Amino acid sequence: MVSFTCYSSRFLAINRSLSFIYIHSKSNQRRSLHFSRNFSKQIFRTRFNFGISGVGVSPNPTLSVLSFKRIDLKPPLEKLYKEEEEQEEDLEGMTIKPAVRIAERKLNVKNRTILTGVPDNVIATSGTVSGPVEGVFLGAVFDEENSRHVVPVGTLRDVRFMSCFRFKLWWMSQKMGDQGKDIPLETQFLLIETKEGSHLDSTEENQVVYTVFLPLIEGSFRAVLQGNQNDQLELCLESGDADTKASSFTHSVFIHAGTDPFSTITEAIRAVKLHLKTFRQRHEKKLPGIVDYFGWCTWDAFYQDVTQEGVEAGLESLASSGTPPKFVIIDDGWQSVGGDLQEEENSSSSADPTETKQQPLLRLTGIKENEKFQKKDDPTVGIKNIVNIAKEKYGISYVYVWHAITGYWGGVRPGVEQMEGYGSKIRYPMVSKGVVDNEPGWKTDSIAVHGLGLVNPKNVYKFYNELHSYLAAAGIDGVKVDVQCILETLGAGLGGRVELTRQYHQALDASVGRNFPDNGIIACMSHNNDALYCSKQTAVVRASDDFYTRDPVSHTIHIAAVAYNSVFLGEFMQPDWDMFHSLHPAAEYHASARAISGGPLHVSDAPGRHNFELLKKLVLPDGSILRARLPGRPTRDCLFTDPARDGVSLLKIWNMNKYTGVLGVYNCQGAAWNSAARKNTFHQTKMESLSGHVKGLDVHLIAEASLDPDWTGDCSVYCHRTCELITLPYNAAIPVSLKVLEHEIFTITPIKVLASGFSFAPLGLISMYNSGGAIEWLKYEVNDCANLSELDVGYGGESSGLGGMRVENCSNESVGKVLMEIKGCGNFGAYSSAKPRKCTVGSNEVEFVYESSSGLVKFSLEKLPEEGQRVHVVEVEL
């Protein structure tokens, strides 16, 4: 029996919020009609009754609650029936048909069926009240209150999907499939592509449709998706607290659809933001300064044995050969920690020295640094000593330190005198069923066995503020806050997982905002939607499980995971694709991916173990980097292929600079998370190398880099590995073939036609992975009076210069000029269909090389801009 007790109050709330509806005419013209004036009594009653008569959503998108009892339809609704009679004729023949709707037990998206057999207790609420995006919220009603519910929402078949799911408590990865049973437990993001439609058709009704499912937080519950063996998509709702129960949900999943997958996702997240009002999107947050500089993290270099001397050695080693770091993260190992007293006594009193024992779980015993980070002749100076050395001696701009969201791995130890004000209490994790099924090792994890010292939520702001203010006073600029997902396991007796997460994140946001004005925070081990939908401050998030230097199975998995996770995470924060080692068998593979990620770029090399030749493809001599503008993400044609498992697909990752695009291609086959073994494993690959293709339009927003409103789609493409320049007509493709752990980077620039036979496209600093990131400003000037009759006889008449003989301007007049501002130094390259008349840097004419076979122009920017100047002013005259 479906309960209807919640609907009367909900409908009254909706009644107050209705101010207008949207009507779609046959010509698809959207007209806003004031509800109380322009909607006839007859039409309102007809459509309203239709909406409550079954499972489906009313065709009126503003009537958002379904399956209510008719007894709930009371005044003041009668007032809505009054309107001007002359408006009724305008509504005749019009049909209100939302893009996403439920009708006849089917979820239909732009006239395509996504789910069938939607159960009667699944209810839908229109998303239009949350903003201008058309969509629908799903919820469900249950017979009894409980702290955990699982309900099918429909059968899913004959589509392609990509899901981001948690394979560990801390981290997500990707999974692809074409039926409901393939959807893993703990799916927090689901993108579906309908098989009907064409990528090439420009008419919306004939295009491929992308549908995004976002399981949300609702009240004290969080939602995830999963599949079952009957191909049903299931909704799992849980509070994490046996005493926090509910039976009715209306906004647990948001569904939105469109023909552009990336904008569809952004629009969906925006609608959810307007509904929840608990988080902000990436573009609304301040990015900390570290994202534009090269950095070094102490973790893989020293692990928990890091010392002040080790930090200084690492900084000196990296700065010695022209790639100076500008930020450093002092990772785990600087804090004052200790085990529980009884455990320490048991450990020290063991009679058998050969006995293998589990190490005691360490807990925070003070907010100040341990003795390793105290100045020997004046311990009161504390961690400020190494901060001063880093900034004054090595030119470091930003120093970050690590801490867990609960203080340390084992939390804050209760009973410590200087920590008593935080009210820490040992609590034992209650890990959700989906996580345990995906990660069975949690049952014996040290935190599960020994518990965690959780600071009282009422005191957590005091804890963060005292910790962060101490660090800020020492010159620390930010914190890497780790172990964040542990909060979801500790909500019992505290209102549940969502409530505890919300309280901690509000306190963390407030403390970071107060103590670190550059918004100095990196979120880590934080891939649960409890946290994502609760964070307003944090702008950088680790994108995947760690870079494991000694684990060969992990490297291809890492690149695939960071790219696909960024499709979802990148809507909330700038993904950080993690540190890596510059001296490593997979170093170039990792380095090139970091260069196009759009996020921070840092290594964790041990002192003296660096590949400076590789680092100079990433880092400029002043420690800055050429950062792309967006989160790196898979190309549209890779969203639903499986580049880790299917044995045939390459992974293509795109990003944008101001005036160029960048595309990375990776062979990630041969290893993936194994759903049977519940761990990452190798698997057999059939072919030694895989082949694919690259097009200019693989860079999704490449048209935005063109300065020509009449751009034809032609691009110049520079291949970093082979140093080849290719001119690529619209929709033409370049073949690419790669073995496992091989990669290629392409700089892609729209070609500008200045005049017949004269075309140009800047590439940037072509020795760098993300060469186009060096172009800070670009302008074309065309001389309309130029005499184009005096051209080299080799000219064959191609209007764009693509694929034909090259042109040389032999007249005394300039056809045009290309004006640029270029960051950094190194070899500058560009495509020009005609040999330039001259190239100048600042006021000085420079020598250049012109390769007539490809149109590649090259000249050297030998050093950084003069002091006081941020960029080189470059001019190429044609």
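The exercises below, each with a worked solution, explore a predicted model.

**Exercise 1. The surroundings of S833**

Task: Determine where S833 lies, whether S833 is buried or exposed, and which backbone atoms its side chain reaches.

Solution: Begin with the position along the chain, where S833 is found in the loop between strand 43 (826–832) and strand 44 (834–835). Next comes accessibility: the relative accessibility of S833 is 1%, and since buried means under 20% relative accessible area, S833 counts as buried. Finally, follow the side chain of S833, which reaches the backbone oxygen of G757 at 2.9 Å and the backbone nitrogen of S759 at 2.6 Å.

**Exercise 2. The partners of strand 43**

Task: Find which strands pair with strand 43, in what sense they run, and how many residues of strand 43 are buried.

Solution: Take the pairing with strand 39 (residues 758–765), which is antiparallel to strand 43 and involves 5 bridges; within this pairing, G829 of strand 43 has G764 opposite it. Then turn to strand 48 (residues 856–861), which also runs antiparallel to strand 43 and is joined to it by 6 bridges, with Y831 standing opposite L856 of strand 48. As a last step, consider burial: strand 43 is largely enclosed by the rest of the structure, because 5 of its 7 residues are buried.

**Exercise 3. The nonpolar cores**

Task: Describe the largest nonpolar core, stating which helix gives the most to it and what Y533 contacts.

Solution: The largest nonpolar core has 155 residues, and those with the most contacts inside it are F189, L214, F463, I486, Y533 and F568. Helix 15 (residues 554–569) gives the most to this core, contributing 8 residues. To look at one member in detail, set aside the neighbours of Y533 within four places in sequence; the residues then in contact with Y533 include L214, I217, V272, F279, F568 and F572. There is also a second, separate core of 35 residues, with V118, L190, V209 and I255 among them.

**Exercise 4. An open sheet and the helix packed on it**

Task: Work out the strand order of the open sheet of 6 strands, identify the strands at its edges, and say which helix packs on the sheet.

Solution: Reading across the sheet gives the order 28-29-30-37-34-35, with antiparallel pairing. Strand 28 (633–634) and strand 35 (724–728) are at the edges, and each has a single partner strand, so one side of each is left without a neighbour in the sheet. At one of these edges, strand 28 is joined by 2 bridges to strand 29 (residues 651–656), running antiparallel, and R633 has W654 in strand 29 as its bridge partner. Helix 16 (residues 587–595) packs on the sheet, where it touches strand 30 (661–666) and strand 37 (743–750), and its direction makes about 25° with that of strand 37.

**Exercise 5. Two residues with positive phi**

Task: Compare the location and accessibility of E104 and R678, which are not glycines but have a positive phi.

Solution: As background, most residues other than glycine have a negative phi. E104 has a phi of about 55°; its place is in the loop between strand 3 (100–103) and strand 4 (106–109), and at 72% relative accessibility E104 counts as exposed. R678 has a phi of about 60°; its place is in the loop between strand 31 (671–674) and strand 32 (679–682), and with a relative accessible area of 30% R678 is partly exposed.

**Exercise 6. Salt bridges across the chain**

Task: State how many salt bridges a search of the whole structure finds, and trace the ones that E488 forms with R166 and R497 with D530.

Solution: The search finds 38 salt bridges. In the pair of E488 and R166, the closest N and O atoms are 2.8 Å apart. E488 lies in the loop between strand 23 (478–482) and helix 13 (497–515) while R166 is in strand 8 (residues 148–166), so the pair ties together parts that are 322 residues apart in sequence. Both E488 and R166 are buried. In the pair of R497 and D530, the closest N and O atoms are 2.7 Å apart, and this pair links helix 13, which holds R497, with helix 14 (residues 529–532), which holds D530. R497 and D530 are both buried. To complete the picture, these four residues belong to a network of salt bridges that also includes R148, E186, R222 and E238.

Definitions and conventions: Residues are numbered from 1 along each chain as its sequence is written. This is a predicted model: local features need pLDDT of at least 70, side-chain atom pairs count only at pLDDT 80 or more; totals for chains, interfaces and linings use all residues. Side-chain values use heavy atoms; hydrogens and water are left out. Helices (H or I, at least four residues) and strands (E, at least two) are DSSP runs, numbered from the N terminus. Buried means under 20% relative accessible area, exposed over 50%, partly exposed in between (1.4 Å probe, protein chains only). A polar contact is a pair of N or O atoms within 3.5 Å; within protein, one must be able to donate a hydrogen and the other to accept it, and residues adjacent in sequence count only if both atoms are side-chain atoms. A nonpolar core is a set of buried Ala, Val, Leu, Ile, Met, Phe, Trp, Tyr and Cys residues joined through side-chain atoms within 4.5 Å. Contact means heavy atoms within 4.5 Å. Two strands pair if DSSP finds at least two bridges between them. Axes are lines fitted to C-alpha atoms, for helices over the stretch in contact, and angles run from 0 to 180 degrees between N-to-C directions. A salt bridge is a side-chain nitrogen of Lys or Arg within 4 Å of a carboxyl oxygen of Asp or Glu.
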